[in-house]
Amino acid sequence: MSWMPTNDPVLGDPTTCDALELIIVPRTRDLGDGFAVRRALPHGKRQMVGPFIFFDHFGPVQFIAGKGMDVRPHPHIGLATVTYLFDGKIMHRDSEGNIQEIAPGAMNLMTAGRGIAHSERTPDVERRDGQSMLGLQSWIALPQAAEEIAPSFQHFAAATLPMVQDTGFTARVIAGSAFGKASPVTMVSPWFYVEVNAKAGTAVPLDPDHEERAIYVVDGEVEIAGERHVGPTLLIFCPGDRITVRAKTDTRMMFLGGDALEGPRHIWWNFVSSSKERIEQAKQDWKTGRFAAVPNESEFIPLPE
């Protein structure tokens, strides 16, 4: 998904337990047709959690018959995108020739590497009939050694991803490892991403196995060390502490994080890189048509001026 201009996220209540490093309340902006985006990362006080450098929560939105989402072809470098849906469907097309309908619970990882272009649109059937949509768009910054790897796309249907069922909660391991299960997704650096649905009163552990960790509360309310947090909220934790999250209401949340990268990244529009010069080159490549075209697409998003 293309970078959509929106207000910066804001800090939450600074008084909290010692295990919490930062609380980010994403700002909401309506992008038209009732399509709302909430952005949690990047933040002025925290660029990344592990390699997660961009985190958008879109919807819920109801598209009437004949309407839909149309994100025209646009470029990426130096990152991998994860499109994850709770409701609705999206048709992905990219310049490598991949065409994939994205459905709720599926893992879709597009690694841009040295450069890829893609579009995201409402599929024909859902556009004809109308649909509701709710989901998350995350960008994973690549390590310096992998920033120029060949572009690729991985898709795993919801039924092929590991599921954990425990008393009062379920978890789908989208990427990496959690709760003793490992996702089949191939990654170029260690990170994890898990959807957790917990019933009211259920305690869910967040293990200290990963260097950097956060929980994004999509909807519901949780209690950590006696303090309550209502979604949508991004809770970033200090390293090393074992965390217990207690759902005060039925709650949907994402566990995420991973190893910190070797340094900060520059981010401009849809480009991420450790080098400002590489981003300047990508700007010119898109402006002059040097990115490969997305098949069956005649439109594109111009380079912002």
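## Secondary structure

In this predicted model, the secondary structure of the protein chain consists of 27 strands together with two helices. Among the strands is S5, which spans residues 52-63.

## Overall dimensions and packing

The radius of gyration of the protein chain is 19 Å, in agreement with the value near 19 Å that would be expected for a compact globule of 305 residues. Taken along the principal axes, the box filled by the C-alpha atoms of the protein chain is roughly 55 × 45 × 35 Å.

Of the 305 residues in the protein chain, 56% are buried. Where contacts with a separation of 6 or more are considered, 71% of them join residues that stand 24 or more positions apart.

## Surface and charge

The protein chain has an accessible surface of about 12600 Å², and carbon and sulfur atoms contribute 49% of that area. Its charged side chains number 29 positive and 38 negative, with the centres of these two sets lying 3 Å apart.

## The surroundings of His-57

His-57 is part of strand S5, and this residue counts as buried because its relative accessible area is 2%, where the cut-off for burial is under 20%. The side chain of His-57 is engaged in a polar contact, at 2.8 Å, with the side chain of Tyr-216.

When neighbours within four places in sequence are left aside, the residues in contact with His-57 are Ala-36, Val-37 and Arg-38, then Leu-134, Gly-135 and Leu-136, and finally Tyr-216, Val-218 and Pro-232. Tyr-216 therefore appears both in this list of contacts and as the partner of His-57 in the side-chain polar contact, a pair of N or O atoms within 3.5 Å.

Definitions and conventions: Residues are numbered from 1 along each chain as its sequence is written. This is a predicted model: local features need pLDDT of at least 70, side-chain atom pairs count only at pLDDT 80 or more; totals for chains, interfaces and linings use all residues. Side-chain values use heavy atoms; hydrogens and water are left out. Helices (H or I, at least four residues) and strands (E, at least two) are DSSP runs, numbered from the N terminus. The radius of gyration is taken over C-alpha atoms; the globule rule is 2.2 Å times the number of residues to the power 0.38. Buried means under 20% relative accessible area, exposed over 50%, partly exposed in between (1.4 Å probe, protein chains only). Contact means heavy atoms within 4.5 Å. Accessible areas come from the Shrake-Rupley method with a 1.4 Å probe; for residues, only the protein chains shown count as cover. Lys and Arg count as positive and Asp and Glu as negative; His and the chain ends are not counted. The place of a charge is taken as NZ of Lys, CZ of Arg, CG of Asp or CD of Glu. A polar contact is a pair of N or O atoms within 3.5 Å; within protein, one must be able to donate a hydrogen and the other to accept it, and residues adjacent in sequence count only if both atoms are side-chain atoms.
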